[in-house]
Amino acid sequence: MVGDSAQIYRYKDSLVVLDEGQLTFFDRSGNMTLSEKVDMQNPTLAVSQNYALVYDLSNRKFYLYNAFSKIMSEEISGNIVSAGTSPAGAFILSLSKPGISSEFLIYNNSQKLAASAKKSGYSACSAISLDGKYAMLVTYNYDKDSEYIWTVDFIRCSDGELLSSVTEKGSIPLKAWYTEDGVPMLYTYDKVVCFNEDGEIEKEIAIDFENIIRFAAQDSGFAMVY
């Protein structure tokens with residue numbers, strides 16, 4: 001039994017559950033492999049096939065786990081607004097900074113800080129490719145007419161080098177991810193944006209955000225529930 005606000009994710013061929021600050025891993029037979037109380041005000045999960053990242057939303061702590069142990073624990077300078085992990089072990093943290101600015105911390109496949117990217121605009125979300133080699137950094141701001149403007153910067157994780165950038169007007173960006181084929185995707189309040197391997201917009205799928213109850217993304221694609 002779990003609470004209504006429990007976060008439940010697929011982890012390999014089993015489950016990881018975060019419920020009222022209790023993190024629990026189950027194997028595919030339903031046996032518990034790890035259960036630990038998470039000391040955070042607002043714990044949130046980001047899960048890949050091999051790792052689970054628990055971060056304190058709008059605060060500074062994060063913990064990295066596998067199904068049997070805590071791998072690392074750290075407190076950083078800046079409030080975490082979102083995070084992304086890869087099966088290879090790399091992960092990315094999106095931070096809000098004072099004023100209209102943001103920072104993204106990229107950790108490599110050995111869980112070492114490899115690059116830091118500072119951007120103007122509010123931090124929205126980020127994602128890292130399944131092999132841990134590339135990342136997309138998403139920020140947003142407003143123009144003089146108070147319309148949203150979002151920017152996606154594509155970078156190389158090893159050194160933080162900017163590879164390409166896309167800026168477009170629209171609604172606020174909410175979630176970024178890579179498919180298993182390495183396709184970058186972005187979900188905003190009014191559309192889903194598909195990019196090509198060069199970081200250019202390949203296709204946009206308009207959606208009626210007023211009718212959406214829940215949105216879920218997977219490595220193989222995306223699904224919307226109305």
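1. In this predicted model, the residue of strand E2 that serves as the bridge partner of glutamine 7 is leucine 18. This residue pair belongs to the pairing of E1 with strand E2 (residues 14-19), which runs in the antiparallel sense over 5 bridges.

2. The two strands are part of an open sheet of 4 strands, ordered E1-E2-E3-E4, with antiparallel pairing. Strand E1 (7-11) and strand E4 (32-37) form the edges, each pairing on one side only. From one strand to the next, the twist averages 15 degrees.

3. As to the secondary structure of the protein, the assignment gives 22 strands and 0 helices.

4. The overall dimensions may be considered next. The radius of gyration of the protein is 17 Å; this agrees with a compact globule, because a globule of 226 residues would be expected to have a value near 17 Å. The C-alpha trace extends over about 50 × 40 × 35 Å along its principal axes.

5. On burial and surface, 46% of the 226 residues count as buried, which here requires a relative accessible area under 20%. The accessible surface of the protein amounts to about 11,600 Å². Carbon and sulfur atoms contribute 45% of that surface.

6. A final point concerns contacts along the chain. When contacts between residues at least 6 apart in sequence are taken, 33% of them join residues at least 24 apart.

Note on methods:
Residues numbered from 1 in each chain as written. Predicted model: local features only at pLDDT ≥ 70, side-chain atom pairs only at ≥ 80, totals over all residues. Heavy atoms only, no water. Pairing = 2+ DSSP bridges. Axes fitted to C-alpha atoms, helices over the stretch in contact; angles between N-to-C directions. Rg over C-alpha atoms; globule rule 2.2 N^0.38 Å. Buried < 20%, exposed > 50% of the residue type's maximum accessible area, 1.4 Å probe, protein only. Contact = heavy atoms within 4.5 Å. Areas by Shrake-Rupley, 256 points an atom, 1.4 Å probe, with all protein chains shown as cover.
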